[in-house]
Every structure is written in structure tokens, then in C-alpha cells.
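Trainee: Could we go through this model together?
Mentor: Certainly; please open it first.

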Amino acid sequence: MTDVHVGGCVCDALRYRTVGAPRRVSACACRWCQKRTGSALGISVYFDKHAVSFTRGKLKSYRLVSDAGRWIESAFCPNCGTTVGWTLEFLPDFQGIAGGTFDEPAFWYRLERFVYARSKPDWLAIPDGLEVCQGMPASTGR
Ligand SMILES: [Zn+2]
Ligand SMILES: [Zn+2]
């Protein structure tokens, strides 16, 4: 059976569809995720590129170059500003989806790891059972 999930931005102009299981699911407390979400962490759900389709609306994108000198390109709704996903230079075959943007059941995937733990707020405890990286993960899972 194929596992299909859909989601989108807050104004509903932008919609996407994912097929199958994600390749990687991380909670990330890097400064980029914090700025992008306005929150303490982002949830990154990575799929193979071909498993994600943007089914409605027109994405706007913004590319920035990280401290490591590699680009991150976020995709967001030009109307409401919700970031629904991104692509990374170092994971060219992956499409990242912002984990909070899925329709119900929003958190259907299993969280595997917590990355950039060094910049998480002190009051945020990391749940048991996750792989924890202080900074960027050493392996990409490929
Ligand atoms: Zn929108
Ligand atoms: Zn991050």
C-alpha cells in the first residue's frame, strides 16, 4: 500500500503531496530553522525528490549560503509566507518538507534525531531515544 500524505501553507494557496516513507526525519535547532520558523526548532522531513509534488500554487524561493559555504533554498508561499519545504546543496536528491505543515494527522512520521542540539534553548529537553548531534549530522543517511 502506498502511503500518501498532503499538506500546505496556512492560507491554503500552496499544496503538496508526498508518497511513501521519508528518508530522514530530524528536529533541528540550527539558527536558520529558528529564524525561518520563529520558534525553537524546525522539523525536517526529507523525502526522495521524486516522492514530493507541489500540487497547487506558486512557490517562492529564497537561497542563503550557510556558514559551511553551502546553499539552502527555502520554498514558501508568497501570500502567507509559510515555509513548506526546502532543498539543500549537500542533499541534492532530497526534498525537505517542513514537518508542521502536513494535514492531519500532522505528525504521522517518526522523529529519528535531533540536530544542532548546541543551539537549542536550555529549557527544551531532548526526548529519549533520539540520535543527538551537537551540530551538523556526520552522515547524510545515504
Ligand atoms: Zn499561503
Ligand atoms: Zn536547522
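Mentor: We shall discuss the metal sites, then the strands, then the salt bridges.

Trainee: What should I know about the model before we begin?
Mentor: It is a predicted model, in which local features need pLDDT of at least 70 and side-chain atom pairs count only at pLDDT 80 or more, while totals for chains, interfaces and linings use all residues. Residues are numbered from 1 along each chain as its sequence is written, chains are lettered from A and ligands numbered from 1 in the order in which they are written, and side-chain values use heavy atoms, with hydrogens and water left out.

Trainee: Which residues are the protein donors of the zinc ion (ligand 1)?
Mentor: Cys9, Cys11, Cys77 and Cys80 serve through their SG atoms, 2.3 to 2.4 Å from the zinc ion (ligand 1). Donors here are N, O and S atoms within 2.8 Å of the metal (3.2 Å for Na, K and Ca); water is not among the atoms, so sites may look incomplete. Along the chain, the spacing of these donors is C-x1-C-x65-C-x2-C. Cys11 belongs to the loop between β1 (4–8) and β2 (15–19) and Cys80 to the loop between β7 (71–76) and β8 (83–88), so this pair ties together parts that are 69 residues apart in sequence. Strands are DSSP runs (E, at least two residues), numbered from the N terminus.

Trainee: And what is the geometry of that site?
Mentor: The site of the zinc ion (ligand 1) is tetrahedral, with angles of 108 to 114° among its 4 donor atoms. Four donors count as tetrahedral if all angles lie between 85 and 135 degrees.

Trainee: Is Cys9 buried or exposed?
Mentor: Cys9 is buried, at a relative accessible area of 6%, whereas Cys11 is partly exposed at 31%. Buried means under 20% relative accessible area, exposed over 50%, and partly exposed in between (1.4 Å probe, protein chains only).

Trainee: What about the zinc ion (ligand 2): which are its protein donors?
Mentor: They are Cys28, Cys30 and Cys33, each through SG, at 2.1 to 2.3 Å from the zinc ion (ligand 2). Their spacing in sequence is C-x1-C-x2-C, and both Cys30 and Cys33 are buried.

Trainee: How many disulfides does the count give?
Mentor: The count is 0 disulfides, taking a disulfide as a pair of cysteine sulfur atoms within 2.5 Å.

Trainee: Changing topic, what is the strand order in the open sheet of 3 strands?
Mentor: The order is β1-β2-β5, with antiparallel pairing; two strands pair if DSSP finds at least two bridges between them. β1 and β5 (52–56) stand at the edges with a single partner strand each, so one side of each has no neighbour in the sheet.

Trainee: And how do β6 and β7 pair?
Mentor: Strand β6 (residues 60–65) pairs with β7 in the antiparallel sense over 6 bridges. The two form a hairpin with 5 residues between them, and Gly69 in the turn has a positive phi of about 85°.

Trainee: Finally, how many salt bridges does the search find?
Mentor: The whole structure has 7 salt bridges, each a side-chain nitrogen of Lys or Arg within 4 Å of a carboxyl oxygen of Asp or Glu. One of them joins Asp12 and Arg56 (3.3 Å, N to O). Asp12 is in the loop between β1 and β2 and Arg56 in strand β5, so the pair ties together parts that are 44 residues apart in sequence.

Terms used: Four donors count as tetrahedral if all angles lie between 85 and 135 degrees; four count as square planar and six as octahedral if opposite donors are over 155 degrees apart and all others between 65 and 115; anything else is irregular. Helices (H or I, at least four residues) and strands (E, at least two) are DSSP runs, numbered from the N terminus.
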